[in-house]
Amino acid sequence: MRVLTDFPGGGAADIRIDGSRISFDAPAHNCPQPMWFCLRVVEAAGQPLELVVRNAGRCLGGDTMAATRPVVGVDGEWSRVPDEQVWYDHEAHQLHFRLTPASDQVTVAYCYPYQLADLQRRLAELAAHPHLERLLLGRSPAGRPLEAVRVTDPSANGRKQLIWCVARQHAGEVPGSFVFEGLLEAWLAATPEAAQLRRETVLCALPMVDVDAVETGSYGKDQSPVDFNRDWTACPHHPAIARLLETIAEDAAQHDYRLFLDLHAPHPSGVSFLVPARGLLADPGGWDEHWRLGALLEAASAPPVRLADYPPHSLDWELRLADSVATEANRRSFGTIATTLEIAYHRDASGELVGPTSWRAVGAALTGAIARWLA
Ligand SMILES: [Zn+2]
């Protein structure tokens with residue numbers, strides 16, 4: 001039996017194999033609190049294994065890692081490790097799960113992986129749509145492409161309503177990628193509503209902001225020297241943020257910039273909720289607009305992303321860090337409504353397990369809510 005991490009998104013530290021027990025740390029890389037892990041177990045088909053995340057209690061959210069239901073992938077098909085095979089040792093602060101590999105190569109991860117190749121494959125499939133334009137916004141420090149998209153019906157020209165969307169500022173927050181897929185597919189749908197949306201709007205997105213950390217299997221949050229979502233300043237450290245700020249400013253000069261949407265994921269036991277840009281608190285009109293969008297998303301999503309699940313403490317982190325956070329930077333610079341959608345990794349508010357299908361449905365609901373919100 002061997003354990004590998006040298007593949008896109010792979011990451012585990014200090015791997016120890018002791019008989020049928022594989023223990024490891026979620027890799028910290030340059031982050032104070034890790035969370036993401038992804039490893040491949042080879043040549044162990046049919047062998048009952050126990051896997052242990054030794055540093056679970058030191059991951060983001062601490063012992064809420066107990067809510068984690070890891071995923072297993074065989075030949076590209078992913079599923080959750082069943083509840084009865086996962087347990088949490090509250091004294092040792094370690095996450096345990098059992099697994100009997102069905103094949104000589106199984107991949108185990110914190111949550112459903114979504115890599116650069118997945119994004120490129122989906123964009124290539126959608127690129128036949130005449131209203132989708134793929135753009136290269138630049139390159140990451142490691143030379144990876146900053147894959148961006150722009151969606152609009154070019155036959156309807158003039159000033160339009162502009163929506164900007166980003167995801168994976170925190171690389172390990174994979175649900176954002178699936179929600180973005182659902183949003184984009186609904187935006188490109190062959191329905192009268194979507195066609196009208198494309199005539200009246202320009203949707204721009206950079207769906208994999210910290211592509212290097214996505215590919216190297218790092219969680220990415222609070223990374224040194226600066227978190228991507230604390231870098232929306234006059235002098236950004238990260239080239240991707242600098243390019244975003246330039247591009248958004250150009251777009252905002254040409255169009256009526258209505259919404260900035262940032263896709264994230266909460267701590268391991270968190271449910272899905274919207275977090276308004278901090279400055280909207282002091283702007284009654286903007287607050288009402290954000291509330292209206294939240295109510296439309298609640299009505300459109302099933303199970304609903306509820307306004308009631310918004311945790312007041314999320315105001316606190318917005319308050320402390322607001323000035324250099326993407327949503328507040330966009331609100332302040334452009335007067336746009338700006339919001340973060342935190343999307344549950346493991347279970348929604350009803351307790352149901354979530355995954356690619358439900359995340360894409362949230363994305364489609366978001367498109368519907370935005371269309372009604374703009375109308
Ligand atoms: Zn985040």
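**View 1. Strands S13 and S14 run side by side.** Strand S13 (residues 161–167) and strand S14 (residues 201–206) are parallel, and six bridges join them. For a place to rest your eye in this predicted model, try Val166, which stands opposite Leu206 in S14. Helix H3 (residues 192–200) packs on the sheet here, touching strand S12 (145–151), S13 and S14. The direction of helix H3 makes about 85 degrees with that of S14. Another helix, H8 (residues 326–334), also packs on the sheet, where its contacts are S15 and strand S17 (337–342). The direction of H8 makes about 170 degrees with that of S15.

**View 2. The seven-stranded sheet, strand by strand.** In what order do the seven strands of this open sheet come? Reading across, you meet S11-S12-S14-S13-S15-S17-S16, and the pairing is mixed. Strand S11 (132–139) and strand S16 (273–276) stand at the edges with a single partner strand each, so one side of each has no neighbour in the sheet. From one strand to the next, the twist averages 20 degrees.

**View 3. A five-stranded open sheet.** Here five strands follow the order S2-S3-S5-S9-S8, again with mixed pairing. The edges belong to strand S2 (13–18) and strand S8 (86–89), each of which pairs on one side only. The twist in this sheet averages 20 degrees from one strand to the next. Inside the sheet, strand S3 (residues 21–25) pairs with strand S5 (residues 49–53) in the parallel sense, over four bridges. Look for Ser23, which stands opposite Val52 in S5.

**View 4. The hairpin of S8 and S9.** Strand S8 and strand S9 (residues 94–99) run antiparallel and are joined by four bridges. Tyr88 stands opposite Leu95 in S9. Four residues lie between the strands of this hairpin, and His93 takes a positive phi near 55 degrees. Which side chains of S8 are buried, and which are not? Val86 and Tyr88 point to one face and are buried, while Trp87 and Asp89 point to the other and are not. This fits a common pattern: in a regular strand the side chains alternate between the two faces of the sheet.

**View 5. Helices H1 and H2 packed together.** The axes of H1 and H2 are 12 Å apart and meet at an angle of about 5 degrees. That angle makes the two helices, H1 and H2, roughly parallel. To find where they touch, look for Arg122, Leu123 and Leu126 in H1, which meet Glu181, Leu184 and Glu185 in H2.

**View 6. Aromatic rings that meet.** The structure holds ten aromatic pairs. In one of them, the rings of Tyr114 and Phe178 have their centres 5.0 Å apart and their planes at 80 degrees, so this pair is edge-to-face. Tyr114 lies in the loop between strand S10 (105–109) and helix H1 (116–126), whereas Phe178 belongs to helix H2 (residues 175–187), so the pair links parts of the chain 64 residues apart. Both Tyr114 and Phe178 are buried. Trp232 and Phe260 also form an edge-to-face pair, with 5.6 Å centre to centre and 70 degrees between the planes. These partners are 28 residues apart: Trp232 is in the loop between helix H4 (211–216) and helix H5 (239–254), and Phe260 is in strand S15 (residues 256–264). Trp232 and Phe260 are both buried. Elsewhere, Phe24, Trp36, Phe37, Phe97, Tyr110 and Tyr345 form one aromatic cluster.

**View 7. Charges over rings, and the surroundings of Glu289.** The charged end of Arg40 sits over the ring of Phe7, 3.9 Å from its centre. Arg258 lies over the face of Trp373, at 5.0 Å from the ring centre. Which residues does Glu289 contact, leaving aside its neighbours within four places in sequence? They are Arg258, Ile337 and Trp373. Glu289 itself is found in helix H6 (residues 284–300). With a relative accessible area of 23%, Glu289 is partly exposed. For a sense of scale, the C-alpha atoms of Glu289 and Val108 are separated by 41 Å, and these two residues are 181 residues apart along the chain.

Note on methods. Residues are numbered from 1 along each chain as its sequence is written. Side-chain values use heavy atoms; hydrogens and water are left out. Two strands pair if DSSP finds at least two bridges between them. Axes are lines fitted to C-alpha atoms, for helices over the stretch in contact, and angles run from 0 to 180 degrees between N-to-C directions. Rings of Phe, Tyr and Trp (its six-membered ring) pair if their centres lie within 6.5 Å; planes under 30 degrees apart count as stacked, over 60 as edge-to-face and the rest as tilted. Buried means under 20% relative accessible area, exposed over 50%, partly exposed in between (1.4 Å probe, protein chains only). A charge sits over a ring if NZ of Lys or CZ of Arg is within 6 Å of the ring centre and within 35 degrees of the ring normal. Contact means heavy atoms within 4.5 Å. Angles under 35 degrees count as roughly parallel, over 145 as roughly antiparallel, 65 to 115 as roughly perpendicular and the rest as oblique.
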